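Colleague: Could you take a close look at one part of this for me, the sheet in the first chain and what surrounds it? I'd like one connected walk-through rather than a list.

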Amino acid sequence: MARKVPEINSSSQADIAFLLLCFFLMTTSMDVDYGITRRLPPPVEQNDEDVKVKERNVMNVMVNKSDRLLINGRPSDISMLKDLAKDFMTPRPNDETSPEVETKTFDLLGDVLMSKGVISLQNDRGTSYAMYISVQNELARAFNELKEDMAWKKFHKHMDQLNEDQTKAINEAVPVRVSEAEPVVY
Amino acid sequence: MGKFRKEGKKEVPQVSTSSLPDIVYMLIFFFMITTSMRDVELKVKTAMPKATEIQKLERKALVSSIYIGPPRDTKLGTESRIQLDDAFARPSDIADWILKERESRSEADRPFLTTALKVHKETRMGVVTDVKQELRKVGAFRINYTTLKGSALEN
């Protein structure tokens, strides 16, 4: 009579199963949404006066109904928008043609030169949403690069390596100054 | 030439099947978790544009979505429509809907409510502007243009 192979103890099988279950539970991410987060301005009151902004402080970005781009009155291409916006928002104290600058003091950062420039974005009702997102994305990219430059200058670190306070300081020193024009009622 | 050994001499014990239910349960749980249950039935197409400068939408419970796009049912035309919850809506319905969404959240969470705009890429901005104006009126200032990951220049 041959020796019988002893049966494998299966009582721990369930534990292994639960272990695997826990592993998958923690590693699988439910479908996550990503997007460009923006803050809408409060509604305009009827009797609000238009804020006068100096012409040198404004960069006009207009998109027409056939998705063509007009930057400061000149026809342009979306691939140039990021560099133009970044160039516009870079503070230059001694240049009469670029936006005014002011010096503000922040904790952690010290004195920072801030541009008073505003990027004004205006789109037509016929502009496609894809184009609108592209423009928003390119503008966001310009500001993110400015933040990145600032982070490197002040802390010698990339934005994603900064701690919470440092990130907050940089975000305050480089505000996203994009203003969307009120829709025109025809 | 080897001889085939006679079967049955050394009997291999049957594999225990008592753990099979566990494995099945595991699979069930796994699929339950990974399949995202869609809380609304989409009546509009939402092929979203791509962007690179994107942030993760944290705390899904505090996000309410507005879908805008051409209807899936081609009989309804190709003009972009707004979908709130399970039905088509007009821009004037948004204020009430936002108030209802606020009502369903706890007091402490209300200031952090975000409205995600899930908009088809071929939609004209006119509809989106109308929606944004309505959101401003009702004080829902935190918005998120939900996009896919990818270069925005390819849109």
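**The sheet and its surroundings**

Modeller: Let's start with one residue pair: Leu70(A) stands opposite Pro75(A), which sits in strand 4 of chain A. Keep in mind that this is a predicted model. That pair belongs to the ladder between strand 3 (residues 69–71) and strand 4 of chain A, which run antiparallel and share three bridges.

Now step back to the whole sheet. It's an open one in chain A, built from five strands in the order 4-3-2-7-8, and the pairing is mixed. Strand 4 (74–76) and strand 8 (178–180) of chain A are the edge strands, each pairing on one side only. Going from one strand to the next, the twist averages 30°. As a bit of background, strands in a sheet pair through backbone hydrogen bonds, and they can do so in parallel or antiparallel fashion.

Two helices of chain A pack on this sheet. Helix 2 (residues 78–89) of chain A touches strand 2 (58–63), strand 3, strand 4 and strand 7 (118–123) of chain A. The direction of helix 2 makes about 20° with that of strand 3 of chain A. Helix 3 (residues 129–155) of chain A also packs on the sheet, touching strand 2, strand 7 and strand 8 of chain A. Here the angle is about 155°, taken between the direction of helix 3 and that of strand 2 of chain A. So strand 2 and strand 7 of chain A are touched by helix 2 and by helix 3 as well.

Strand 1 of chain A isn't in that strand order, but you'll want to follow it across to the other chain. Strand 1 (residues 34–39) of chain A pairs with strand 7 of chain B, antiparallel, over six bridges. Within that pairing, Ile36(A) stands opposite Tyr145(B), and Thr37(A) stands opposite Asn144(B). Strand 1 of chain A also pairs with strand 2 of chain B, again antiparallel, over two bridges. There, Gly35(A) stands opposite Gln55(B).

Those pairings bring us to the contact between the chains, which takes 48 residues from chain A and 50 residues from chain B. On the chain B side, the elements giving two or more residues are helix 1 (20–34), strand 2 (55–56), strand 6 (114–119), helix 3 (125–138) and strand 7 (142–149). Helix 3 of chain B gives the most, with nine residues. By type, the chain B side divides into 21 nonpolar, 16 polar and 13 charged residues.

Methods:
Residues are numbered from 1 along each chain as its sequence is written. Chains are lettered from A and ligands numbered from 1 in the order in which they are written. This is a predicted model: local features need pLDDT of at least 70, side-chain atom pairs count only at pLDDT 80 or more; totals for chains, interfaces and linings use all residues. Two residues are in contact if their C-beta atoms, placed from the backbone, lie within 7 Å. Helices (H or I, at least four residues) and strands (E, at least two) are DSSP runs, numbered from the N terminus. Ala, Val, Leu, Ile, Met, Phe, Trp, Tyr, Cys and Pro count as nonpolar, Asp, Glu, Lys and Arg as charged, and the others, Gly among them, as polar. Two strands pair if DSSP finds at least two bridges between them. Axes are lines fitted to C-alpha atoms, for helices over the stretch in contact, and angles run from 0 to 180 degrees between N-to-C directions.
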